[in-house]
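User: Hello! I am new to this structure and would like a close look at a single part of it, namely its interior. Please take your time and tell me how the rest is arranged around it.

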Amino acid sequence: LQSVFTQRGEGWVEKSLEDLCIIGDGNHSSNYPKKEELVDKGIPFIRSTNLVAGRISGDDMRFLSPEKHAKLKKGHLKEGDILFTNRGEIGKTAIVDAAYDGANLNSQIAWLRCRKGINNRFLFYVLNSGGMKAHFEISKNGAALQQFTIRQIKDLVVLVPPEDQQLL
């Protein structure tokens, strides 16, 4: 199965993730929620610990008030977005399902919103392939906090088959 993502088939093209997706992350610096701004109920605030086995886990979920969420514009999620941890433990992924549409995320996670021509499930499997995991391992940087920057995510090149072949 892993070889599917490294061997070019007929009609396959190389594209950067920046060409395939709109890419963003959570809020940083002064906008980042302080511990006392987290509430018991409200808008889910997804952290890397909530990405488990390709899904978002509600275990130990933190929440934002609707007012704080409205101020944190960068991290608003849509159903179908792919989440990718790019700080700390690099390369954990999940696809946002309907339960987390409109949620927010912290600054250790990037979101990838697929453009026309790329299936989010196909891209999810590409990002979880052995070749990609090895690439993330050798490409991360930072001594105290490992990171794979937004620029590195945007520049990442993947082999993409025609859309009708992406989930065969």
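Analyst: Let's begin with the charges: Lys and Arg count as positive and Asp and Glu as negative, while His and the chain ends are not counted. On that basis the protein carries 23 positive and 20 negative side chains, and the centres of these two sets are 4 Å apart. Please keep in mind that you are looking at a predicted model.

Before going inside, here is the overall frame. The protein has 5 helices and 12 strands, and its C-alpha atoms fill a box of roughly 55 × 35 × 25 Å along the principal axes. For 168 residues, a compact globule would have a radius of gyration near 15 Å, so the 16 Å found for the protein agrees with that expectation. The accessible surface comes to about 9000 Å², with 51% of it belonging to carbon and sulfur atoms. As for the interior, 43% of the 168 residues are buried. Distant parts of the chain also meet: of the contacts between residues at least 6 apart in sequence, 74% join residues at least 24 apart.

Now to the part you asked about. The largest nonpolar core holds 23 residues, and L17, L112, L123, L127, F136 and I153 have the most contacts inside it. Which elements give two or more residues to this core? The helices that do so are helix 1 (17-20), helix 3 (120-127) and helix 4 (130-139). They are joined by strand 2 (21-25), strand 8 (82-85), strand 11 (109-114) and strand 12 (157-160). Helix 3 provides the largest share, 5 residues. Apart from this core there is a second, separate one of 13 residues, and L77, A103, L105 and I109 are among its members.

L123 is a good place to zoom in on the main core. Setting aside neighbours within four places in sequence, L123 is in contact with L17, C21, I82, L112, C114 and I118. Of these partners, L17 and L112 are also among the residues with the most contacts inside the core.

Helix 1 shows you another side of things. D19 has its place in that helix, yet D19 counts as exposed because its relative accessible area is 52%. If you would like a ruler across the model, D19 and G91 are 72 residues apart in sequence, and their C-alpha atoms are 20 Å apart in space.

A buried residue need not sit in a helix or strand. N27 is found in the loop between strand 2 and strand 3 (38-39), and with a relative accessible area of 5% it is buried. Leaving out its close sequence neighbours, within four places, N27 touches Y32, L72, K73, K74, G75, N104, L105 and S107. One of these contacts, L105, belongs to the second core.

Y32 lies in the loop between strand 2 and strand 3 as well. At 28% relative accessibility, Y32 counts as partly exposed. Again without neighbours up to four places away, its contacts are N27, E37, F45, N106 and S107. From Y32 to S57 there are 25 residues in sequence and 22 Å in space, C-alpha to C-alpha.

Moving towards the later part of the chain, you reach Q146, in the loop between helix 4 and helix 5 (150-155). Its relative accessible area of 24% makes Q146 partly exposed. Beyond four places in sequence, Q146 touches N86, R87, G88, I90, K140 and N141. Q146 and V160 are only 14 residues apart in sequence, but 28 Å lie between their C-alpha atoms.

Finally, two loop residues deserve a glance at their backbone. A53, in the loop between strand 5 (51-52) and strand 6 (55-56), has a positive phi of about 50° although it is not a glycine. Buried or exposed, how does A53 count? With a relative accessible area of 80%, A53 is exposed. D60 sits in the loop between strand 6 and strand 7 (62-64), and D60, not a glycine either, has a positive phi of about 55°.

Conventions:
Residues numbered from 1 in each chain as written. Predicted model: local features only at pLDDT ≥ 70, side-chain atom pairs only at ≥ 80, totals over all residues. Heavy atoms only, no water. Helix = DSSP H or I, 4+ residues; strand = E, 2+ residues; numbered from the N terminus. Rg over C-alpha atoms; globule rule 2.2 N^0.38 Å. Buried < 20%, exposed > 50% of the residue type's maximum accessible area, 1.4 Å probe, protein only. Contact = heavy atoms within 4.5 Å. Areas by Shrake-Rupley, 256 points an atom, 1.4 Å probe, with all protein chains shown as cover. Charge placed at Lys NZ, Arg CZ, Asp CG, Glu CD. Core = buried A, V, L, I, M, F, W, Y, C linked by side-chain atoms within 4.5 Å.
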